[in-house]
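Got your viewer open? Let's take a short walk through this model, one selection at a time.

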Amino acid sequence: MSRIAYVNGRFVPKADAMVHIEDRGYQLADAVYEVWALFDGKLADPEGHFARLERSLAELSIDMPMSRAALTVVLKEAVRRNRIREGLVYLQISRGVARRDHAFPTEPVAPAVVVTVSRVDRAATEARAAKGVAVVTTPENRWGRCDIKTVGLLPNALAKQKAREAGAVEAWFVDELGLVTEGASSNAWIVDGDGVLRTRDTQANILRGVTRLTLLDVAREAGLKVEERPFTLEEALAAKEAFITGAGSLVLPVVAVDGKTIGGGSPGPVAMELRRLYIERAKATAV
Ligand code: PLP
C-alpha cells in the first residue's frame, strides 16, 4: 500500500489525500493517467510513458502541469517517500476544478495532479507468469478514442469484473468482426500457427501500449517474425501461444481463453523468453 501521495504540489499521508468534489476527473472522467513499472526504484520505459502522457493531454487540450523534468522529480520523490523499490507509479492529471458544466471552464484552471505508488511482489508475479493466466472475452463496447489514456474506464472495469467472476485475470475485447482489440488493461498477443508473433496495429481503436512498443523492438532484435496485424478469437484459440503486455503485467502468458486451453495449457517458450528479455531491457533503460 502506498502511504504517501502527491496531490497538487504537496506530499500528504494517503489517508488525507483528497481531491475537490468538482474536480473534472471525478465528475466527467476529464482526466488522463499513466502507469510506470518500477524496477529497483527506477521508472521503466520513461520516454514512452512521458511521450504518451503528453499526447493524451494534447488530444484533450489539457496543459502539461509542469515540465517533464519537474514531473520526473515529483514521481521519483513519491517513490522515495514511500520506500518502494518494486512496484507501480500512478499519475493522474485532470483538467482541474471548476463549477460543473460539460464544456471546458471558460476561465483557465490549473490541472489537478495526483501521484501514488504501490508495491508489487515480484516473486508472486513471477510465479503467476510461470503458471500462466486465463482470459475471458467480452464484446467491444468502448468509445472511439481508446488511444487516449483517460480515466474513463467503466467498460474496462466491467470487463475486468467479468473476468474475475470467471476466475480469469483479464478480459479481451472482441469487435464486431470477431477481432481481438486488446485487454481491459493490457495489449493482446499471439504466436500464430505459422510461428508469427502478432499484435493488433495501432491504427485500430486501442491504447498504444508502451510495453507493447518496447516489446516489438525487443522481439525484432531477438530475430522473431513480428506482424502488427489483428487476430480473430478463433486464431487465438488455435495459436501456439498467447500473452498480454502492460506496465502491470509486463509480459504475461495466457494459457486459456473462455475456458479453452491455448498451446497445451502452459506458458509457451516465446512468451517466457520475451518476458525475460523485456524485463532485462526495462531494467537497463529505467531512470
Ligand atoms: N491497453 C489498455 C486498455 C490498458 O489500460 C493498458 C495499460 O494500462 C495497456 C493496454 C498496456 O499499456 P502499457 O503497456 O503502456 O501499460
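Start by selecting Gln92 together with the residues it touches. Beyond its neighbours within four places in sequence, Gln92 is in contact with Ala31, Val32, Tyr33, Ala112, Val113, Val114 and Val151. Keep in mind as you look that this is a predicted model.

Now colour the strand around this residue: Gln92 belongs to strand S5, residues 87-94. Is Gln92 buried or partly exposed? Its relative accessibility is 21%, so Gln92 counts as partly exposed; the cut-off for buried is under 20%. For a sense of distance, draw a line from the C-alpha of Gln92 to that of Ile190: the two atoms are 31 Å apart, with these positions 98 residues apart along the chain.

Next, colour by domain. The domain assignment gives domain 1 as 4-120 and domain 2 as 125-285. Taken over C-alpha atoms, the centres of domain 1 and domain 2 are separated by 26 Å. How many residues of domain 1 are in contact with domain 2? Select them and you will have 24 residues of domain 1, in contact with 23 residues of domain 2.

Two loop residues come next, and both stops concern backbone torsions. As background, most residues other than glycine have a negative phi.

- Select Asn8, in the loop between strand S1 (4-7) and strand S2 (10-13). Its phi is positive, near 45°. With 45% relative accessibility, Asn8 counts as partly exposed.
- Move on to Asp40, in the loop that runs between strand S3 (31-39) and strand S4 (42-43). Asp40 is not a glycine, yet it has a positive phi of about 50°. Its relative accessibility is 48%, so Asp40 counts as partly exposed.

Now zoom out and switch to a cartoon of the whole chain. You will find eight helices and 15 strands. Along its principal axes, the C-alpha trace spans about 55 × 40 × 35 Å. The radius of gyration is 19 Å, which agrees with the value near 19 Å for a compact globule of 287 residues.

Colour by burial, and 50% of the 287 residues show up as buried. Then turn on the surface: the accessible area is about 13,500 Å², and 55% of it belongs to carbon and sulfur atoms. A contact map makes a good companion view, since among contacts between residues at least 6 apart in sequence, 70% join residues at least 24 apart.

Finish with the charges: the mean positions of the 39 positive and 37 negative charges lie 5 Å apart.

Conventions: Residues are numbered from 1 along each chain as its sequence is written. This is a predicted model: local features need pLDDT of at least 70, side-chain atom pairs count only at pLDDT 80 or more; totals for chains, interfaces and linings use all residues. Side-chain values use heavy atoms; hydrogens and water are left out. Helices (H or I, at least four residues) and strands (E, at least two) are DSSP runs, numbered from the N terminus. The radius of gyration is taken over C-alpha atoms; the globule rule is 2.2 Å times the number of residues to the power 0.38. Buried means under 20% relative accessible area, exposed over 50%, partly exposed in between (1.4 Å probe, protein chains only). Contact means heavy atoms within 4.5 Å. Accessible areas come from the Shrake-Rupley method with a 1.4 Å probe; for residues, only the protein chains shown count as cover. Lys and Arg count as positive and Asp and Glu as negative; His and the chain ends are not counted. The place of a charge is taken as NZ of Lys, CZ of Arg, CG of Asp or CD of Glu. Domain bounds come from an automatic or database domain assignment.
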